[in-house]
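Reader: I'm new to reading protein models. Could you walk me through this one, feature by feature?

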Amino acid sequence: MNSSPGFVTVVLLMLGQTHGDSVTQMEGPVTLSEGEPLTINCTYSATGYPNLFWYVQYPGEGPQLLLKALTDKEKGSHKGFEATYDAKSKTFHLVKSLVQASDSAVYYCALSDTVTGTAGGAEHKL
């Protein structure tokens, strides 16, 4: 029985910044085979300790909250995805040990300044 492997494609789009706070993702388009590990890097620039979020947008749907972290060293996790808030390195990388074709979607890294309520973000298509 022959079966073709599933592929997952990752594409980067930038959304800009708000009041000097921003998030950055450096990867360009990436295609992964099912069962491979995934890391989408997210580095932020902000004063203080912003709330950090990952959103997912599946084809034909609106964005949905995937996971969040509100304090340093907090780990958010959902559906096999994890991200740990690291205030020292200012990172919130999204990780999944084994991707599946059903993970194909657009992934947004975002932050929210709890003082001003403003938000900035970056997008990643998987």
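Reader: Let's start with charged pairs. Which side chain does Asp-86 meet in a salt bridge?

Author: The general idea is that side chains of opposite charge can pair when their charged atoms come close. In this predicted model, Asp-86 meets the side chain of Lys-73, with 3.6 Å from N to O. The pair ties together distant parts of the chain, 13 residues apart. Asp-86 sits in the loop between strand 9 and strand 10, and Lys-73 sits in the loop between strand 7 and strand 8.

Reader: How do I tell whether Asp-86 is buried, exposed or partly exposed?

Author: Look at the relative accessibility: under 20% is buried and over 50% is exposed, with partly exposed in between. Asp-86 comes to 22%, so it counts as partly exposed. Lys-73 comes to 54%, so Lys-73 counts as exposed.

Reader: How many salt bridges are there in total?

Author: The count comes to 3. Another of them joins Lys-75 and Glu-82, whose closest N and O atoms are 3.5 Å apart. Glu-82 counts as partly exposed because its relative accessibility is 36%. Then there is Lys-96 with Asp-103, where the closest N and O atoms are 2.8 Å apart. Both Lys-96 and Asp-103 are buried.

Reader: Now the strands. What does the secondary structure of the chain come to?

Author: You'll find 0 helices and 12 strands. Reading along the sequence, you meet β after β from start to end.

Reader: And how do I read a sheet? In what order do the strands of the 4-stranded open sheet lie?

Author: Follow which strand pairs with which, rather than the numbering. Here the order is 4-10-9-8, and the pairing is antiparallel. Strand 4 and strand 8 (75–78) are at the edges with a single partner strand each, so one side of each has no neighbour in the sheet. On average, neighbouring strands of this sheet are turned by 15° against each other, ignoring direction.

Reader: Can we step through the pairs? How many bridges join strand 4 and strand 10?

Author: Strand 4 and strand 10 (residues 94–96) pair over 3 bridges, in the antiparallel sense. In that pairing, Ile-40 stands opposite Leu-94. Moving along, strand 9 and strand 10 pair over 2 bridges, also antiparallel. There, Phe-81 stands opposite Lys-96 in strand 10. Strand 8 and strand 9 pair antiparallel over 4 bridges. Across that pair, Gly-76 has Ala-83 as its bridge partner, and His-78 stands opposite Phe-81.

Reader: What sits between strand 8 and strand 9 in their hairpin?

Author: There are 2 residues between the strands, and in this hairpin Lys-79 takes a positive phi near 55°.

Reader: Which way do the side chains of strand 9 point?

Author: In a strand, check the residues one by one and see which face each side chain takes. Along strand 9 they alternate: Phe-81 and Ala-83 point to one face and are buried, while Glu-82 and Thr-84 point to the other and are not. You've met Glu-82 already, as the salt-bridge partner of Lys-75.

Reader: What about the inside of the protein? Which residues of the largest nonpolar core touch the most other members?

Author: In soluble globular proteins, nonpolar side chains tend to be buried together. Here the largest nonpolar core has 25 residues, and those touching the most other members are Tyr-44, Trp-54, Leu-66, Leu-67, Phe-92, Leu-94 and Tyr-107. Strand 4 (38–40), strand 6 (51–57), strand 7, strand 9 (81–84) and strand 11 (106–112) each supply at least two residues of this core. Across the whole chain, buried residues make up 40% of the 126 residues.

Reader: Let's finish with one residue. Where is Lys-68 found, and what is Lys-68 in contact with?

Author: Lys-68 is in strand 7 (residues 64–69). Leaving aside neighbours within four places in sequence, Lys-68 is in contact with Leu-52, Phe-53, Glu-74, Gly-76 and Phe-92. Its relative accessibility is 40%, so Lys-68 counts as partly exposed. The C-alpha atoms of Lys-68 and Glu-82 are 9.4 Å apart, with the two residues 14 apart along the chain.

Notes
Residues are numbered from 1 along each chain as its sequence is written. This is a predicted model: local features need pLDDT of at least 70, side-chain atom pairs count only at pLDDT 80 or more; totals for chains, interfaces and linings use all residues. Side-chain values use heavy atoms; hydrogens and water are left out. Buried means under 20% relative accessible area, exposed over 50%, partly exposed in between (1.4 Å probe, protein chains only). Contact means heavy atoms within 4.5 Å. A nonpolar core is a set of buried Ala, Val, Leu, Ile, Met, Phe, Trp, Tyr and Cys residues joined through side-chain atoms within 4.5 Å. Two strands pair if DSSP finds at least two bridges between them. Axes are lines fitted to C-alpha atoms, for helices over the stretch in contact, and angles run from 0 to 180 degrees between N-to-C directions. A salt bridge is a side-chain nitrogen of Lys or Arg within 4 Å of a carboxyl oxygen of Asp or Glu.
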